[in-house]
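Welcome, and please open the model in your viewer. We will go from stop to stop, selecting a few residues each time and looking at what surrounds them.

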Amino acid sequence: MAEKVVEIKNLYKSFGDLHVLKGVDLDLFREENLVILGRSGTGKSVLIKIMVGLLKQDRGQMQVLGKEVSKLPTRELNELRLKIGFSFQNSALYDSMTVRENMEFPLVRNIKNLTRKEINHRIEDLLDAVGLPQTINQMPSELSGGQKKRIGVARTLVLNPEIMLYDEPTAGLDPITCVDINNLINEVRERYKTTSIVITHDLTCAKMTGDRMAVLLDGQFSSIGTFEEVFPHAEDQRVKSFYDYNFIES
Ligand SMILES: Nc1ncnc2c1ncn2[C@@H]1O[C@H](COP(=O)(O)OP(=O)(O)OP(=O)(O)O)[C@@H](O)[C@H]1O
Ligand SMILES: [Mg+2]
């Protein structure tokens, strides 16, 4: 049986009278790509914020790499966060820094005693992995939206995370660039053996990148399984409507 990297049990989170997560259960296994789908405002981002300790659940369990996140003292929480690469929805590159400086920033801030050679090697390897070695000295303003996303992924990988969290990686991109990003997510997994959660509204992205789909509906995961198990024959109209409103090539 594959190792559980994340184990969520009966998790609740409300903001005042707004009950967002209402008994969420979910397991994430090592080296799988799990896709989370759900309408806007269902709590997908809240869930991954609890996962990295930016928000605390009201009750229930959120175990990441064997540790209950909400109970970790600051130092251990910081150590755990170094193992999780999270790129938040709309998270941007620093506009006043070159691509190289953007990549270097998390590296030198978090890992002491790296030599210049090690830093350069790591940055060059990652830019190569995302297919953009030629952009190293460019400013973010000189890059396209798709290129920025790629550099964002490279920057997230710079600390060698075990878990990658992608919050809407293809939002705002044209369909062909979306496919490039989906391929990149798969290549990252191959190359760096990461375990990933991909949050998306895009069923093509879901189908391309996900080993399993989990649909968040009314505060719980209503269906969890492969794309084929969850979508084409969904009985729940709310799940089916996701499928019906997306164009899927069969
Ligand atoms: N810090 C907060 N304080 C109060 N309410 C919040 C907070 N964070 C999120 N919410 C509310 O929780 C609900 C879920 O938000 P969340 O950002 O998780 O949605 P989402 O599923 O990621 O949606 P989208 O697909 O639009 O990104 C929303 O109604 C939001 O307004
Ligand atoms: Mg969100």
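## Starting with one helix

This is a predicted model, and our tour begins with helix α5. Select its 13 residues: at 1.5 Å a residue they should span 18 Å, and the end C-alpha atoms lie 19 Å apart, which agrees. You will find α5 at residues 145-157.

Now colour the buried residues of this helix: G146, R150, I151, G152, V153, A154, R155, T156 and L157. What covers them? Show β6, α3, α4, β7 and α6, which are among the elements that do so.

One of those neighbours deserves a click of its own. Select helix α3, residues 99-110, where V99, N102, M103, E104, P106 and L107 are buried. The cover over these residues includes α4 (116-129) and α5.

## The six-stranded sheet

Next, bring up the strands. Six of them make an open sheet in the order β6-β7-β8-β3-β9-β10, and the pairing is mixed. At the edges are β6 (84-87) and β10 (220-225), each of which pairs on one side only. Turn the sheet to look along it: from one strand to the next, the twist averages 15°.

Helix α5 comes back into view here, since α5 packs on this sheet and touches β6 and β7. The direction of α5 makes about 150° with that of β7. Add helix α6, residues 175-192, which also packs on the sheet. Helix α6 touches β3 (33-37), β7 and β8 (195-199), and its direction makes about 145° with that of β3.

## A closer look at β7

Select β7, residues 163-167. How many of its five residues are buried? Five of the five are, so the strand is mostly covered. Look at each face in turn: I163, L165 and D167 are buried on one side, and M164 and Y166 on the other. In a regular strand, side chains alternate between the two faces of the sheet.

Now follow the pairing on either side of this strand. With β6, strand β7 pairs in the parallel sense over four bridges. Two pairs to pick out are I84 with its bridge partner I163, and S87 with its bridge partner Y166. Towards β8, the strands run parallel and five bridges join them. Select D167 and I199 to see one of these bridge pairs, with I199 in β8.

## Two residues with positive phi

Step off the end of the strand to E168, in the loop between β7 and α6. Its phi is positive, about 50°, although E168 is not a glycine. Is E168 buried or exposed? With a relative accessibility of 14%, E168 counts as buried.

For another such residue, jump to D218, in the loop between β9 (212-217) and β10. D218 is not a glycine either, and its phi is a positive value near 50°. At 53% relative accessibility, D218 counts as exposed.

## A pair from distant parts of the chain

Go back to helix α6 and select E190. This residue is exposed, with a relative accessible area of 56%. Then add E31 and draw a distance between the two C-alpha atoms: E190 and E31 are 8.9 Å apart in space and 159 residues apart in sequence.

## The four-stranded sheet

There is another open sheet to visit, made of four strands in the order β2-β1-β4-β5 with antiparallel pairing. Its edge strands, each pairing on one side only, are β2 (18-29) and β5 (67-68). Select β1 (residues 4-15) and β4 (residues 59-64), which run antiparallel and are joined by five bridges. Within this pairing, V6 stands opposite V64 in β4.

Add helix α1, residues 44-51, which packs on this sheet. Helix α1 touches β1, β2 and β4, and its direction makes about 120° with that of β1.

## Two domains

To finish, zoom out and colour the chain by its domain assignment. Domain 1 covers 4-83 + 161-247, and domain 2 covers 93-160. Taken over C-alpha atoms, the centres of domain 1 and domain 2 are 25 Å apart. Their contact takes 18 residues from domain 1 and 15 residues from domain 2.

How much area do domain 1 and domain 2 bury between them? The answer is about 1,300 Å², with 67% of it on carbon and sulfur atoms. For a last selection, choose P161, L184 and Y192 in domain 1, which lose the most area to domain 2. Together these three account for 38% of what the domain 1 side buries.

Key
Residues are numbered from 1 along each chain as its sequence is written. Chains are lettered from A and ligands numbered from 1 in the order in which they are written. This is a predicted model: local features need pLDDT of at least 70, side-chain atom pairs count only at pLDDT 80 or more; totals for chains, interfaces and linings use all residues. Side-chain values use heavy atoms; hydrogens and water are left out. Two strands pair if DSSP finds at least two bridges between them. Axes are lines fitted to C-alpha atoms, for helices over the stretch in contact, and angles run from 0 to 180 degrees between N-to-C directions. Contact means heavy atoms within 4.5 Å. Buried means under 20% relative accessible area, exposed over 50%, partly exposed in between (1.4 Å probe, protein chains only). The expected span of a helix is 1.5 Å times one less than its number of residues. Domain bounds come from an automatic or database domain assignment. Buried area is the accessible area (1.4 Å probe) that two parts lose on being put together, summed over both.
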